[in-house]
Amino acid sequence: MTQVTEKRRPISERIDENKAYLNDRLGIGTSFDIGAHEFFIGGTQVVLYYINGFADSHLITQIMRDLNDLRSREVQTNIFDHLFYKYIPFFQLEKVSKTDEFMDKLLVGQIGLIIDHSSDAIIMDAKVLPVRSPQEPDTERIVRGAHDGFTEALVMNTVLTRRRIRDERLRFEIMQIGERTKTDVAVAYLQDVANPKLVDTLKERLQNIQIDGIPMAEKTVEEFIIGKTFNPFPMVRYTERPDVAAVHLLEGHVLIYVDNSPSVMITPATYFHHVQHAEEYRQTPVVGAYLRWVRFFGIFASLFILPVWLLLVMHPSMIPDQLHFIGIKDKGSIPLLAQFMMAEIGLDLMRMAAIHTPAPLSVAMGLLAAILVGDVAIKVGLFAPEVILYLAVAAIGMFATPSYELSLANRLVRIFLVLMVGFFSTPGLMIGLLAVLICLAGTRSLNTPYLWPFIPFNYKGFKDIMIRIAVPSKNNRPSIVRSQNSSRQ
């Protein structure tokens, strides 16, 4: 009960009480980065609270210079109104009357003024965010088109989006999540397009998050929104490209922006949302369709080439005469199933080593891995050459998958199918494929069928997935988002 009362504590008209309370709560004198500067305006005591690194020193210096020039006769009565409405030369001002609200604003980088004989405080949004430039994301590069990307600053990300959608009906509803981190999270949607039920559902689930903090940003938010699940497939789509985010907003999707993260969540998302890439829409429809089918082939190969090849090697009689060369000449001393498992784990180790290896050493690490795995391991009989070949083809298909999360899920599916084939042969492959299909068919992302438009079947949606349709021919928004306004032209 005491904690609740303290949180609702109003700002006192006695500045000494406010100073004692705020200095204790904020750790003034203990934390080096939080400061409190006392000065007088026309004979009235004022305390300026700020955080080093956030405060715009040039702007604050200019404001204090103007305030110090005020004479007593100019602010004889109601000094708060004089400062708020007239004498502070800044447009981003806010009035607060509770100490917890004052501290919340201060801890996100804003500047606070406590004034003697006033039960209100002034908040100035005069912060400078430490943010990198909006560079193109490494995982979503394209040849033609914009080369900017989201950053870790929420305000910058909203600006990059509004730069592409200059519509007064674009909404960014913000809230704070985390008792300690107080992370800003924004729900973005087009007011007259997005499904109101989806917007309300997302806002309700976000507001019900009760946790001390979300330092892992968007991933933690996703887990609260989707709920507990052992399904490896991604339930939302991530993007770091403002143009991709804008396209999905125009289609009727609802996006979630999380401060401190360059990734934006797109909801709802199906399996086929994760296999599309912006490059397909930066080329002509024919070239875009070709690129899409090549990508489909790579994803298909990453899933099925290893279990099917293992099945054919286990049953050589099933190999057609025209494809006899795909067999294996020397199986080696280690069973093929064990070889596949060792190679899969080795591939993951090399991928993680490439991520964690400093750039100057990454080339040496790649050469070392290639020599040991690609040459020496085969010569000593650890791996059959065909195992390395087909695993490399599967790995290329995995890396061609636009969604990193989907590529990892597909890898787990591939390992599952290889194990089913290794232990149960042909029935294992059939049962494994059926189990994966049932899992996908039963999966729903925010009440959206995960395999749409395949299950349930929708001809227009299926055609749009299989063929890169020219934009002038796409008159309607996807029906899966249940938008209020289905017409686009």
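This note describes a strand hairpin, two nonpolar cores and one buried arginine in a predicted model.

1. Basis. The model is predicted, so local features need pLDDT of at least 70 and side-chain atom pairs count only at pLDDT 80 or more, while totals for chains, interfaces and linings use all residues. Residues are numbered from 1 along each chain as its sequence is written, and side-chain values use heavy atoms, with hydrogens and water left out.

2. Hairpin. Strands β6 (residues 170-177) and β7 (residues 183-190) run antiparallel and are joined by eight bridges. Strands are DSSP runs of E, at least two residues, and helices are runs of H or I, at least four, numbered from the N terminus; two strands pair if DSSP finds at least two bridges between them. Glu 173 stands opposite Val 187 in β7. Five residues lie between the strands, and Gly 178 takes a positive phi near 105°.

3. Cores. A nonpolar core is a set of buried Ala, Val, Leu, Ile, Met, Phe, Trp, Tyr and Cys residues joined through side-chain atoms within 4.5 Å; buried means under 20% relative accessible area (1.4 Å probe, protein chains only). The largest has 26 residues. Helices α10 (285-314), α11 (336-356), α13 (385-399) and α14 (404-442) each give two or more residues to this core. Apart from it lies another core of 23 residues, including Met 64 and Leu 93.

4. Arg 241. This residue lies in the loop between β8 (237-239) and α9 (242-251) and is buried, with a relative accessible area of 1%. The Arg 241 side chain reaches the backbone oxygen of Ala 146 at 2.7 Å.

Technical notes
Buried means under 20% relative accessible area, exposed over 50%, partly exposed in between (1.4 Å probe, protein chains only). A polar contact is a pair of N or O atoms within 3.5 Å; within protein, one must be able to donate a hydrogen and the other to accept it, and residues adjacent in sequence count only if both atoms are side-chain atoms.
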